[in-house]
Amino acid sequence: MTRPLETPHREPARIDAVLVVVPARNEESRLPRCLAALAEAVAVVREEFGVDAPAISVLVVLDRCTDGSADVLAEWPCFLTMESDAGSVGSARRLGVHRLLAGTVPEHTWVATTDADSAVPRRWLAVQLALAEAGTELMLGTVLPDADLPAGERARWHDEHSLVDGHPHVHGANLGVRADRYLAAGGFRDVDSDEDVLLVGELRRLGVHECRTALIPVLTSGRLDGRAPGGFGGYLADQVAANR
């Protein structure tokens with residue numbers, strides 16, 4: 001197994017709080033999978049770290065939802081919710097992080113983001129926490145399209161994407177960053193797409209300690225009509241069209 005690609009070593013950091021932000025726009029049918037996976041990821045941290053486990057908060061930002069997403073979340077009282085009328089994924093992520101950061105110490109706080117149409121692996125948070133406490137300030141993970149993408153197109157996608165440590169990808173569905181570095185970079189932008197790419201660009205200009213890992217791939221929707229213009233769904237649609 002190759003090691004995650006890292007920039008030069010930084011001093012280890014104690015992480016006292018982990019904040020998870022999940023933007024959602026009419027994801028009633030996919031939210032149960034997302035929430036179940038997050039609940040398991042939280043449980044794994046508590047099992048593995050025991051009394052040293054940080055406080056973990058998970059917030060789902062319901063951004064202009066008109067379906068039953070709020071009803072789904074009502075069945076998961078362990079998670080926080082907030083409503084947003086911002087109308088963009090960048091704004092939803094930004095609002096969620098801002099709310100959770102209140103009362104935390106940024107240099108000892110880790111921010112992780114995923115999407116409501118995605119399912120994180122069980123050690124998603126545990127791996128990020130271990131990396132953060134070893135000095136990583138930015139974690140970039142990979143994603144895998146689910147069965148919403150037809151089998152033939154899914155096979156072609158795997159053939160064309162090398163998901164290894166040191167990969168070049170940036171996905172808001174699988175991203176983690178230390179809160180003080182997030183704030184120094186100006187946070188997520190209020191944009192409809194590429195909020196993750198813009199944030200990472202600013203973080204790299206700051207010279208953060210970065211780890212690009214394939215250890216914790218996130219399963220995400222393979223649909224071609226994603227909620228965010230120019231998001232992963234649009235990328236998949238472009239790839240499918242190019243191969244026809």
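In this predicted model, a good place to enter is Asp 115, which at 17% relative accessibility counts as buried, because the cut-off for that word is under 20% relative accessible area. Its partner is Arg 93, and the side chains of the two meet in a salt bridge with a distance of 2.7 Å from N to O. This pair links distant parts of the chain, since Asp 115 lies in the loop between β5 (109-113) and β6 (118-119) while Arg 93 belongs to helix α3 (residues 89-101), 22 residues apart. Arg 93 is buried as well, with a relative accessible area of 2%.

The loop that holds Asp 115 follows β5, and that strand deserves a look of its own. Five of the five residues of β5 are buried, so the strand is largely enclosed by the rest of the structure. In a regular strand the side chains alternate between the two faces of the sheet. In β5 both faces are covered, with Thr 109, Val 111 and Thr 113 buried on one side and Trp 110 and Ala 112 buried on the other.

Which strands pair with β5? One of them is β2, which pairs with β5 in the parallel sense over five bridges, and here Val 18 stands opposite Trp 110. Another is strand β9 (residues 175-178), which runs antiparallel to β5 and is joined to it by four bridges. In β9 the bridge partner of Trp 110 is Arg 178, so that Trp 110 can serve the reader as a landmark, with Val 18 opposite it in the pairing with β2 and Arg 178 as its partner in β9.

Arg 178 also leads on to the charged side chains, for it is linked with Glu 137, Asp 180 and Arg 181 in a network of salt bridges. Side chains of opposite charge can pair when their charged atoms come close. The count for this model comes to 18 salt bridges, and two further examples show pairs with other degrees of exposure. The side chains of Arg 30 and Asp 148 meet at 2.9 Å, N to O, and this pair again links distant parts of the chain, with Arg 30 in the loop between β2 (17-24) and α1 (31-49) and Asp 148 in the loop between β8 (143-145) and α5 (151-160), 118 residues apart. Arg 30 is buried, with a relative accessible area of 18%, whereas Asp 148, at 38% relative accessibility, counts as partly exposed. Arg 14 and Asp 16 likewise form a salt bridge, at 2.9 Å from N to O; here Arg 14 is partly exposed, with a relative accessible area of 48%, and Asp 16 is also partly exposed, at 36%.

The last stop is helix α7 (residues 195-206), whose 12 residues reach 17 Å from the first C-alpha to the last, close to the 16 Å expected at 1.5 Å a residue. Within α7, the residues Glu 195, Asp 196, Leu 199, Val 200 and Leu 203 are buried. Seen down the axis of α7, these buried residues fall within an arc of 125°, so they line one face of the helix. What covers them includes α3, β7 (138-140), β9 and α6 (179-184), among which α3 is the helix that holds Arg 93 and β9 is the strand that pairs with β5. After α7 comes Gly 207, whose phi is positive, near 75°.

Conventions
Residues are numbered from 1 along each chain as its sequence is written. This is a predicted model: local features need pLDDT of at least 70, side-chain atom pairs count only at pLDDT 80 or more; totals for chains, interfaces and linings use all residues. Side-chain values use heavy atoms; hydrogens and water are left out. A salt bridge is a side-chain nitrogen of Lys or Arg within 4 Å of a carboxyl oxygen of Asp or Glu. Buried means under 20% relative accessible area, exposed over 50%, partly exposed in between (1.4 Å probe, protein chains only). Helices (H or I, at least four residues) and strands (E, at least two) are DSSP runs, numbered from the N terminus. Two strands pair if DSSP finds at least two bridges between them. The expected span of a helix is 1.5 Å times one less than its number of residues. The arc is that of the directions from the helix axis to the C-beta atoms. Contact means heavy atoms within 4.5 Å.
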